[in-house]
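Colleague: Please take a close look at one part of this model. Start from the chain as a whole, work down to single residues, and leave the other chain for last.

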Amino acid sequence: MMMEDKNIFTAGRILAETGILVAVLFFIDIIVENKPAKRLYKMFFILDPVTVVSFLSGNLYLIIGSVIVNGFMLFNIFSNRKNYGKKNCLTLIYSFAGMVTGAYGVIVNKFCFFGKFENVFNSSKDVPTILISSIFIFIISCVYCIYHAFSKTETAPVDENCNNHSIPVTKDRKIEIKDIVIIIAMMAAFFIIGGFRLGSKDIPSTVYKMDSNNREIVLDLGENKNVKEIMVFLNYKSNQRLSFSADVSGSWDIYESKTQLKSPFQWNKITVNKNTRYLGIVCMDSWEWINEIVVIGDDGQVITPVNTSAYKELFDEQELYPDVRSYYYQTMFDEVYHARTSYEFIEGYPIYENTHPPLGKLMIGVGIRAFGMNPFGWRIMSLIAGTLCIPFIYLFGLKITGRRLGGVLAGVLISTEFMHCVLSRIATLDIFVALFIIMLFYFMYRYIQCSEENKNCAKQYIFILLSGISTGIGIATKWTAFYGAAGICVIFFITFFRRYNSKKAFQDNKGSVIKIILCCVVSFILIPATIYVVSYYPFMKVYGGSLIENAINNSKLMLSYHSVTVFEHPYSSEWYQWIWDKQSLLDALAITAEGKVSSVATIGSPLIVWGGIAAFIYTGYLWVCKKDRNAGFLVIMYLANLLPWLLVHRTVFIYHYYPCILTLILLIAYSVIKLSGSKKRFAVTVMVISVVLFIMYYPELTGLAVSRRYIDNVLEIVKSWRFV
Amino acid sequence: MMDIIPFLMAFAIMIMAVCYACFIKKYDNSLIILIVGIGIILRVGYMMYTDCIVRSHDLGELDENGYGHASYILGLIKYGKLPADNMIQHYQQPFFYISSSVVSFVVNKVIGHSDNYSYVNAAKIVSCFASIVTLFAALNIFKELKLQKKGVTIAMLFVAFMPAFIISGGTVSPDALSAMFMALIFLYTLRWFNTGKIKYMIGTAFCYGFGVMTKISCAALAPITIGLIIYKFIREKELRIKIVMHSLTLGVISLPIGLWYSVRNFIKFGQKFSYVLNPGEAIYMGDTSLFSRIFMINIHNIVKSPYCAPFDDYNAPVYYLKSALFGEFSYQVPNIIAVLLLIAGIVMSVILVTAIINLIRNIKKDRVTIIPLVTFVFYYLVSLVFYIKMPYGCSMDYRYMLFLTIPAAYIIGKYYENTKKTTVKVSMIFFAAMTTVMYLATGIIR
């Protein structure tokens, strides 16, 4: 029976292969008119061994590889259908041979050398030489094939404004009242939808302080009771050691000795499972602050000790213990570092999280000052930063495409982007730094636009200044803004040197060149350095010393920390996995009494991440082959935010890809507008898909409780996405 | 540990590239200036971010009482005397150590350091300087050999981005300095051959003297010089007396400078002139067949790892290739970078072989190519003979044959000049790009 199945399966594959082959030959027959060329091309596909091997092996990846090879070749033939010279055929042979060699190399590696793909980008001793070489040959052949396809068929006159690789631009399109109305509407919509159940304003707040004179807590339950667990809501201090014991038969049974409760502003669970009347808690370190303790019986009910008056602060907010300990009532993921440190800044306590510059945490602190030290308070500034991203993306889309539709498309895409939504609802630094990265690129684009249109100098200087300020704030928030700064540096120099590429041009504009250089020095060196140093004010307040001393010392510490920080984490991922959205990151998870799942996961929207790959390729093509300078700007922007991660070998996560995702939104918007021309249908379709996906995944982005079946059967479309 | 130097290198390279693309592209030789500039940045940058104890050879303890390169230098600085024995590395010719100790002493006086580590670390400056001078010497050699602009550009790309020069420029060992002297010997010999002026013969003589005083192997070029002298002697009958006098000058200057230390060691310790330290049985490769060591190209070894394994590898051609690209070391960089550089190296090797065949076929049309061709083949054979005589893993290290890069570069440059093949240009750019990426990444990921 098994054998029969296998035969049928093989026959099916051969049939499928034959069908594809016939289709390919038919296609060649239609598009190629020249008979010798037609014969040659057909011969390629008939003799293509990769197709045969891949289909006979039944390996999905090989089949996809084979389809890619054939796709490239057909694309080449199609592009060259009017040039059937000998050279074209030879080129086709070269690129075909290269692709086939590359594909065979991958097959040989798979079955003979066993080189692993994950070893391509690390420095393990098992070097997958064959795999790397094969992929390299394959890619080079594809590039050669594409290059040839476009270099031979390019007949359209090149736009005068686009006659070199300089950056950018589209003619400046004015912002109208309608644009402002759309922006405000989008911001309001996002603020409301993104702010839905952002976090509770009520969490335990009164503090019981344990120290060397007051080390012990003894809880009297009145009579022997079955205690299942104790929930401890910590104040800002974590990792202090506590010892938990129960009085069993007249002697203290220590069941958790020197336990470190790790999460501040979170309910930390200590399992008890004892029948006891007395529970003891001893502080093993110099001090600890606890906001609330809840004793849970084996029936799940809260047990109130009879001696609560002795520990008033520990039992005065029992009603705030939630039924489901979800993200809504406590810190989640890295909030345990950032929210806590923001609080420390406010209170002037010693600083715990010092592996990132302080400005982002100071911003989080604004929300805490306004709404208190509760989930809503520490998350609200992220939501505001996320909302502020929308106008910049809208305006970027508007300016770079020159059409309102471009702005609207970009605005809708960011408002419905998954990672944008999640990062706008969590008190971490990524949304802040992304906002400033997008700002620094936007202002640099505006500067170039103005300078190319020879608008007044003051406006140009203002844009440079704004870009510099954004750079400074970005770097003072998180060092990843350096990558963006490197990107604008490349763009600026390309544009600048293009403009003054001759001695005459330089001498004619000597004055303005010197002014711009001075303006850049002030904007990109002095101002960022000042912002960075001044942001260390909280450090100075706590540790003394000068601002510069604190900034330098902590920067050294950060550098050494980020150079060596490698640790195992189930949700860590590599940069190449981000590109196809392989690994999700679970920020919070809670199960309700009804078995529903409330989880928050950081992932990119498949439309943006996967569609972005196509948009990037298309935009790259526009830049290289059509000399489209806007496309060049976006490509550099994307690469500037991605390429540095190739060299980073610390443990990293998908949220590091977020600045790239913002760029992908612009790439998609630009590509869609370019491809659809004056028609709106394509752009509207993209927007609709994005909105539908957002609605589908909204529970997963906001922690809304849904059934497990919905997550398993609908949301986890990629095998490695884990939402539960 | 990550530091700022590789980023400064990248920034400097970027600025140079942008300046070239936008300002100086139109001027003559601007591309060569760019190539030399980037070559210098890579050498200086590598030297700065690499500690003397990292990727070092036979450095020994950082103590004047040891027997490695470090103790040789420290002994000179602290006692002002040459080693009292010829143990381990103390048998080596002294010029590198003398010049290193002088430079190191001055530098450390200026910066106010006086510890052993700082003294030894500063000695890299001499190697780096030598590696940079070799770049300029190579440029002049190519001009002397009448290579045209495009050919010089390609040849200079090969020399400037040859990783072995970058690595040796950041190492406390006499290899870079001896390569510099060999390049200068070749340059002055060519100049003398072309002009017949005594000043070039004196230059050759001093370079031989100091070269041999750096490393005995510099004398390996003597047959080339002698060959050219004999050729000139036979062809130019009216200048025979002058040539004899020039030859005598060469001997009178070079022999005492070059050999005094060998004579001293012979008298004091009975050390033979051709003495080479036995590297140890762990890397003995003499038990594998001569065919597999010399004539075969071990594909399996290429596939296995891009890096050399001095304790296992025995195949000379593959070892030459790998050690030219990575030295005898493994790196922390992503495998893809190392493998792509290896691919670039293989492509360059194939082009070099093709170029040699092409130039030999056209030798009658272009006789000037004979000198570099013969030099290349001769020096390559010398290296093989050395490996046959000393069948140890480290005998195949490309750092002993750094000079070979220069005739090889000329051959490739000439081939490109003759054929104008885009493949050569693209491959060379790929090679240069991968070398840059590799040695920037090496600085970043440590």
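Modeller: In chain A, 54% of the 724 residues are buried, that is, they have under 20% relative accessible area (over 50% is exposed, in between is partly exposed; 1.4 Å probe, protein chains only). The model is predicted: local features need pLDDT of at least 70, side-chain atom pairs count only at pLDDT 80 or more, and totals for chains, interfaces and linings use all residues. Residues are numbered from 1 along each chain as its sequence is written, chains are lettered from A and ligands numbered from 1 in the order written, and side-chain values use heavy atoms, without hydrogens and water.

Chain A has 26 helices and nine strands, taken as DSSP runs (H or I, at least four residues; E, at least two) numbered from the N terminus. Among its contacts (heavy atoms within 4.5 Å) with a separation of 6 or more, 76% join residues 24 or more positions apart.

Now to the single residue. Gln583(A) lies in the loop between helix 21 (575–579) and strand 8 (585–591) of chain A. Because its relative accessible area is 16%, Gln583(A) counts as buried. Leaving aside residues up to four places away in sequence, Gln583(A) touches Pro570(A), Tyr571(A), Ser572(A), Ser573(A), Ile654(A) and Ser720(A).

As for the other chain, chain B has 19 helices and zero strands. Of its 446 residues, 58% are buried. In chain B, residues 24 or more positions apart account for 73% of the contacts with a separation of 6 or more.
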